[in-house]
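Me: I'd like to go through a model with you and ask where its labels come from. Can you set the values against the cut-offs as we go?

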Amino acid sequence: MRIDMPVDPRIAYHLNELEIARDPASPHRLMPELRGDDRAVLDIGCGIGQTLACLDAKGKLLVGLDVDLRCLAYGHRLFADLCFVHGAAERLPFRDQAFDLVLSRVSLPYTHIPRALTEIERVLGPDGRVWFALHPLAMAGRDLMNALRRIELRNSVYRTYVVFNGIALHMFGRQFPFLWKRRYESFQSIAGMTKAMRKTGFTDVSFARSGLHLICTARKAQPRFADGLSEVDDLHHFNGAAAGRTAPPPERR
Ligand SMILES: C[S@@+](CC[C@H](N)C(=O)[O-])C[C@H]1O[C@@H](n2cnc3c(N)ncnc32)[C@H](O)[C@@H]1O
């Protein structure tokens, strides 16, 4: 396979990440685990498709979405078997319940997270899962300190905004764009993400550290009826009652 010499630093970044994803011994490698019965996987902020291309995913539909058309075009030339879609995390161009797994590797930090989570929940099937690699405070703090130390004025202002936006997400579950640009960035705390994910309809939210990154996994919550039973609980309850093992579920008002 021939890879053109990249001129665009963004493409160079993605190619470097591709090398990391291809190297199982790399300490920077961060990859989600697929399940045998996953049929459709969406990568939000896929770049040139570096993460999807390195998954062991024969026979699965692999879809990469990104706002950067140039990266998608580059990825399309490299990986003909991946499906590349131009779009934003906050407005996913997919039908409801289309995916079994939604992953996002260090891309959610650049989105309006509450809106992106709402969309991710919508496109996940009833048993759907998520896998996110996130930026914790330590990373945002390091970037701010570096900008200050190098006396980079504009970057210092921007890095301060990122820290404040992370605090806003942590404390109030809110996100703000950077000045007049419709651009978002924040760090993610465990408490802030847990609150945002539960509010959106995720359950089994758990976190792990990998180097400086924070890995978050969760499952789409089952829809609940007014009596407090989920659709699946209700079905088990009903089947049990039919077999004479339990009382029938309470009537819904
Ligand atoms: C740091 S790169 C990560 C790329 C890749 N996931 C990886 O792990 O190497 C972040 C990516 O998110 C994309 N991105 C930024 N904002 C986005 C948004 N609102 N919706 C979708 N993609 C976005 C960028 O274009 C970029 O490709």
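Reply: Sure, what follows is a run through the labels, one at a time.

Me: What makes this a predicted model, and how confident is the predictor in the chain?

Reply: The coordinates come from prediction, and the chain averages a pLDDT of 89, with 85% of the residues at 70 or above. The pLDDT drops below 50 over residues 230-253, though that stretch still has 26 contacts in the model beyond near neighbours in sequence.

Me: What does the chain contain, and how much of it is buried?

Reply: You'll find 8 helices and 7 strands. Of the 253 residues, 32% are buried, and that label takes 20 or more other C-beta atoms within 10 Å. As for contacts between residues at least 6 apart in sequence, 53% join residues at least 24 apart.

Me: Why is Leu34 called partly exposed?

Reply: Leu34 has 18 C-beta neighbours inside 10 Å. Buried needs 20 or more and exposed needs 12 or fewer, so Leu34 lands in between and counts as partly exposed. Leu34 sits in the loop between helix 1 and strand 1.

Me: Which residues does Leu34 touch, leaving out those up to four places away in sequence?

Reply: Val41, Leu55, Asp56, Ala57 and Leu101. Take Ala57: 23 residues separate Leu34 from Ala57 in sequence, and their C-alpha atoms are 7.5 Å apart.

Me: What makes the phi of Gln97 worth flagging, and is Gln97 exposed, partly exposed or buried?

Reply: Phi of Gln97 is near 60 degrees, which is positive in a residue other than glycine. Gln97 belongs to the loop between strand 3 and strand 4 (99-105). Its 15 C-beta neighbours inside 10 Å fall between the cut-offs of 12 and 20, so Gln97 is partly exposed.

Me: And why is Asp204 called exposed?

Reply: Asp204 has 11 other C-beta atoms within 10 Å, and the label applies at 12 or fewer, so Asp204 is exposed. Asp204 is part of strand 6, and its phi is also positive without the residue being glycine, near 50 degrees.

Me: How do you know which strands are at the edges of the sheet?

Reply: The 7 strands make an open sheet in the order 3-2-1-4-5-7-6, with mixed pairing. Strand 3 (83-86) and strand 6 (202-210) each pair on one side only, and those are the edge strands. From one strand to the next, the twist averages 20 degrees.

Me: How do you know that strand 1 and strand 2 pair?

Reply: Pairing takes at least two bridges, and 5 bridges join strand 1 (residues 40-44) to strand 2 (residues 61-66), so they pair. The two run parallel, and Asp43 stands opposite Gly64 in strand 2.

Me: Which helices lie across the edge strands, and at what angles?

Reply: Helix 3 (residues 69-78) lies across strand 2 and strand 3, at about 165 degrees to strand 3. Helix 7 (residues 190-200) lies across strand 5 (124-134), strand 6 and strand 7 (213-220), and runs at about 155 degrees to strand 6.

Me: Last one: what makes up the shell around the ligand?

Reply: There are 21 residues around the ligand, and Glu17, Gly45, Ala89, Arg105 and Ser107 come nearest. Helix 1 (9-22), helix 2 (50-53) and strand 2 each give two or more residues to the shell. By class, the shell has 9 nonpolar, 7 polar and 5 charged residues.

Key:
Residues numbered from 1 in each chain as written. Predicted model: local features only at pLDDT ≥ 70, side-chain atom pairs only at ≥ 80, totals over all residues. pLDDT = per-residue confidence, 0-100. Contact = placed C-beta atoms within 7 Å. Helix = DSSP H or I, 4+ residues; strand = E, 2+ residues; numbered from the N terminus. Axes fitted to C-alpha atoms, helices over the stretch in contact; angles between N-to-C directions. Near = placed C-beta within 6 Å. Nonpolar A, V, L, I, M, F, W, Y, C, P; charged D, E, K, R; others polar.
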